[in-house]
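Subject: Handing over the model

Hello,

Here is the structure for you to look over. My notes on the findings follow below.

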Amino acid sequence: MMNGPGKSDSPKVPAKSPNKVGQPAAEGMEGNGLAKGNLPQQNASRTPSRKDAPSALEQVRQAAKKDKQLRFTALLHHIYNLETLRMAYFRLKKEAAPGVDGETWRHYGEQLEVNLQDLSERLKRGAYRAKPVRRVYIPKADGRQRPLGVTALEDKIVQRATVEVLNAIYETDFLGFSYGFRPGRSQHQALDALYTGLLTRKVNWVLDLDIKGFFDGISHEWLVKFVEHRIADRRVVRLIQKWLNAGVLEDGKRIRVEEGTPQGGSASPLLANVYLHYVFDLWVQAWRRKRAHGDIVVVRFADDVVVGFQSKADADQFRAELTERMRKFNLELHPEKTRLLEFGPYVIENRKRRGEGKPETFNFLGFTHICVKKRSNGRFTVLRQTIRKRLQAKLNEVKAELRRRMHTPIPEQGKWLQAVVRGHIRYYGVPMNTPALWIFRFQVGWLWHRTLSRRSQNGRVLWNRLRRLIKRWLPLPTVCHPYPLRRMGVLT
């Protein structure tokens, strides 16, 4: 059921209208404020295993798209539907680490239908209880530790099913410059949008935003209020509150968490997008339309945000007002990592005239963005290179894994290294980044040579033999992604 148009805090009497959804409509350009490079929403891929499932979610999607004030009062039956839960189970990672319950994907699947039927009944009668998240730490590129939450298997299933249903609503609301963790959107689309915006709009300054401890700073109270703007089904809201209040299990102790969403859960990316949609996206859209005096380009991937400005006055005012805006919703811009830098077609000449040296650079989604001039015609362009710390961190991972696989057969080592190098090339294979790809391949070959030479006391492996192994197993660097202006021209 859905409520008709009206204020989100005063729900109307629900009308008898089934909530049904399906393929997302293509989301067009956001409007005057959107950089021409920002991609339209692509259709999310779905696997219609049940004839009435796509039509059910399609009606929800169409209703949400038609009326932005509509509040949905009956959604839970889409979540505890057996087919939805089954699809959610099969979309989970099969080899993922178990949560606090120790349940694995394969063991749960031995009696899948019985387990899903039981889970569905518990959801239906409100007996489902979320388990605490097991906290682990993974090393970051800068040497620090990133906390990661390992969710219990059934919680993963319910969260994935819930996200599937809520995406039908929120994908009609989210704006065009938001790319993170959304169906049919990727890092490279965000990178293309930023590149195109920097080259086609009047951008002279770039604000590289860093939200300090974003996932840990999300206010539960504000998040629930934001969800209730669209979701009036109290059972679904309580479901989300159960995950938020489940707490964290660390060193055998359960810790109640008053703020934040644990990274690693299926629902966390969507809830984070909902939070930033109301805190940042809608505010930026209005600010750009009412306050800005020049062009503004915005690209957001989860909590990684880059904003380009035509004038420094706009940039300074924007940063000051955004700082206050973030503080209101329990968030904070990192004082050191948030930087305003001169960046654009005139920065090279301007800095040279002032005697200030090369232009500053900024990092976004694994790439360092650099102002350069083309050798062919001297025109301004943006050079995107693999972040050095990311490249070195990946090589360190390869080194450690090769040490662990030191005595495995060479063909097995070769297959694994082939997958590593191919995956690296597929992500970082953008135009003008080929030298960094060659460096990565050479360094992997050198690490392999060192590992093979330590397998026994018979001496080092001859380079002639290693060259043959490298030629056989390590893919050659190639550009996997076209120039953004070319790709964007086709898509838009």
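At what angle do the axes of helix α9 and helix α11 cross? The answer is roughly 85°, with the axes coming within 10 Å. Bear in mind that this is a predicted model. Helix α9 spans residues 220-228, and helix α11 covers residues 268-290. Angles of 65 to 115 degrees count as roughly perpendicular, and α9 and α11 are therefore roughly perpendicular to each other. On the α9 side, the contact is made by W222, L223, F226 and V227. On the α11 side, L271, V274, Y275, Y278 and V279 take part. By class, this contact has nine nonpolar residues, with no polar and no charged ones.

**The mixed sheet**

One open sheet has four strands, in the order β4-β3-β6-β7. Its pairing is mixed. The edge strands are β4 (145-150) and β7 (253-255), each of which pairs on one side only. On average, neighbouring strands here are turned by 40° against each other, direction ignored.

Take β3 next, residues 133-139. Strand β3 pairs with β4 in the antiparallel sense, over six bridges. Within that pairing, I138 has R146 of β4 as its bridge partner. Likewise, V136 is partnered by L148 of β4. Strand β3 also pairs with β6 (residues 248-250), where two bridges join strands that run parallel. There, R134 stands opposite L249 of β6.

**The antiparallel sheet**

A further open sheet of four strands has the order β8-β9-β5-β10. The pairing in this one is antiparallel. Strands β8 and β10 (339-342) form the edges, each pairing on one side only. Neighbouring strands of this sheet are turned by 15° against each other on average, again with direction ignored.

Strand β8 is joined to β9 (residues 304-309) by six bridges, and the two run antiparallel. In that pair, the bridge partner of R300 is V305 in β9.

Which strands does α11 lie across? They are β5 (205-210), β8 and β9. Helix α11 runs at about 175° to β8. Helix α12 packs on the sheet as well, touching β5, β9 and β10. The direction of α12 makes about 175° with that of β10. Helix α11 thus has two sets of partners in these notes: the strands β5, β8 and β9, and helix α9.

**Salt bridges**

How many salt bridges does a search of the whole structure find? The count is 27. Here are some to look at.

E95 pairs with R106, with the closest N and O atoms 2.6 Å apart. E95 sits in the loop between α3 (82-90) and α4 (105-109), while R106 is in helix α4. The two residues are eleven apart in the chain. Is E95 buried or exposed? E95 has 62% relative accessibility, so E95 counts as exposed. R106 is partly exposed, at a relative accessible area of 48%.

R291 and E321 also meet through their side chains, at 2.8 Å from N to O. R291 lies in the loop between α11 and β8 (296-301), and E321 in helix α12 (residues 312-328), so this salt bridge ties together parts that are 30 residues apart in sequence. R291 counts as partly exposed because its relative accessibility is 36%. E321, at 23%, is partly exposed too. The cut-off for buried is under 20%.

E401 and R404 form a further salt bridge, at 2.6 Å from N to O. Why are E401 and R404 separated by about one helical turn? The two are three residues apart in helix α14 (residues 388-404). R404 counts as exposed, at 62% relative accessibility.

Lastly, there is a network. E342, R351, R354 and E356 are linked in it by salt bridges.

**Where to start**

I would open the view on the α9 and α11 contact, with its nine nonpolar residues. Then turn to the strands under α11, namely β5, β8 and β9. After that, pick out R291 and E321, the salt bridge between a loop residue and helix α12. Finish with the β3 pairings, antiparallel with β4 and parallel with β6.

Best wishes

How values were computed: Residues are numbered from 1 along each chain as its sequence is written. This is a predicted model: local features need pLDDT of at least 70, side-chain atom pairs count only at pLDDT 80 or more; totals for chains, interfaces and linings use all residues. Side-chain values use heavy atoms; hydrogens and water are left out. Axes are lines fitted to C-alpha atoms, for helices over the stretch in contact, and angles run from 0 to 180 degrees between N-to-C directions. Angles under 35 degrees count as roughly parallel, over 145 as roughly antiparallel, 65 to 115 as roughly perpendicular and the rest as oblique. Contact means heavy atoms within 4.5 Å. Ala, Val, Leu, Ile, Met, Phe, Trp, Tyr, Cys and Pro count as nonpolar, Asp, Glu, Lys and Arg as charged, and the others, Gly among them, as polar. A salt bridge is a side-chain nitrogen of Lys or Arg within 4 Å of a carboxyl oxygen of Asp or Glu. Buried means under 20% relative accessible area, exposed over 50%, partly exposed in between (1.4 Å probe, protein chains only). Two strands pair if DSSP finds at least two bridges between them.
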